[in-house]
Structure formats: C-alpha cells, structure tokens
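Biologist: Before we discuss this model, could you put the sequence and the structure in front of us?

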Amino acid sequence: MYISIERNSRGTLDIEQYALNKLIESTVVSSTSASIANIEVITEIYHDNLLYILIKIKFEGQAPDFIFEEKLISKNVEDIITQTLNIKPRNISVAYGR
C-alpha cells in the first residue's frame, strides 16, 4: 500500500487520509485478540505537522474475562505512524464500547 505524502507551499504535510486511516485500522486489529464489530478512525493533521488520532472501537460479545489493552494499541499505532511518516503523533485517543 502506498500513502501519498507531499509538502504544500507552507511546508506542512498533505497526506491521503483514507490510506492513513486504513493503516491505523489494520494495526488496531492486529494488536487486539478480542473480536471487533466496528472500528472508526478519525485523524486530523494541523499546521506544524501536529497529528491527532481518535480510534473508536466496538467489540462483539461480553466475555467476563475481557481485558482491553489500550497502552499496547496506542504504542503500536505510534510505532507504525513514526515508521511510516516519520512523525510522532501529538495525541492518540482510544474509545471503546461493547
């Protein structure tokens, strides 16, 4: 998969949002062992290359021994964004429900 990254006349990054969101979705799916019903990723890039990520996850079922590993998901998303775009995300928020 290729992600189109360009610098505009002001020097900020222009990134294809759809491809970036799909990359984050696949990282979240590979980071968790629970069955996921729906994932929604919202990314915003502001001036000075500030990247904000919101991940909304809806899980299937209600297992009594369910453990949500938010730190693992955040770390994996941060690592993949840093490797791909060479930008450290300013904020990664994860919201989840059943």
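Modeller: What follows is a short exchange on how some of the labels are justified.

Modeller: This is a predicted model, in which local features need pLDDT of at least 70 and side-chain atom pairs count only at pLDDT 80 or more, while totals for chains, interfaces and linings use all residues. Residues are numbered from 1 along each chain as its sequence is written, and side-chain values use heavy atoms, with hydrogens and water left out.

Biologist: Why is threonine 27 called buried?

Modeller: Buried means under 20% relative accessible area, exposed over 50%, and partly exposed in between, with a 1.4 Å probe and protein chains only; threonine 27 has 9%, and is therefore buried. Threonine 27 lies in helix H1, where helices (H or I, at least four residues) and strands (E, at least two) are DSSP runs numbered from the N terminus. Not counting residues up to four places away in sequence, threonine 27 is in contact (heavy atoms within 4.5 Å) with Asn76, Val77 and Ile80.

Biologist: How do you know that the span of H2 agrees with the expected one?

Modeller: The expected span is 1.5 Å times one less than the number of residues; the 16 residues of H2 should therefore span 22 Å, and its end C-alpha atoms are 22 Å apart, which agrees.

Biologist: What puts the buried residues of H2 on the same side?

Modeller: The buried residues of H2 are Ile73, Ser74, Val77, Ile81 and Leu85. They cover an arc of only 95° around the axis, taken from the directions from the helix axis to the C-beta atoms, so they lie on the same side of H2. On the other side of H2, Lys71 and Gln83 are exposed.
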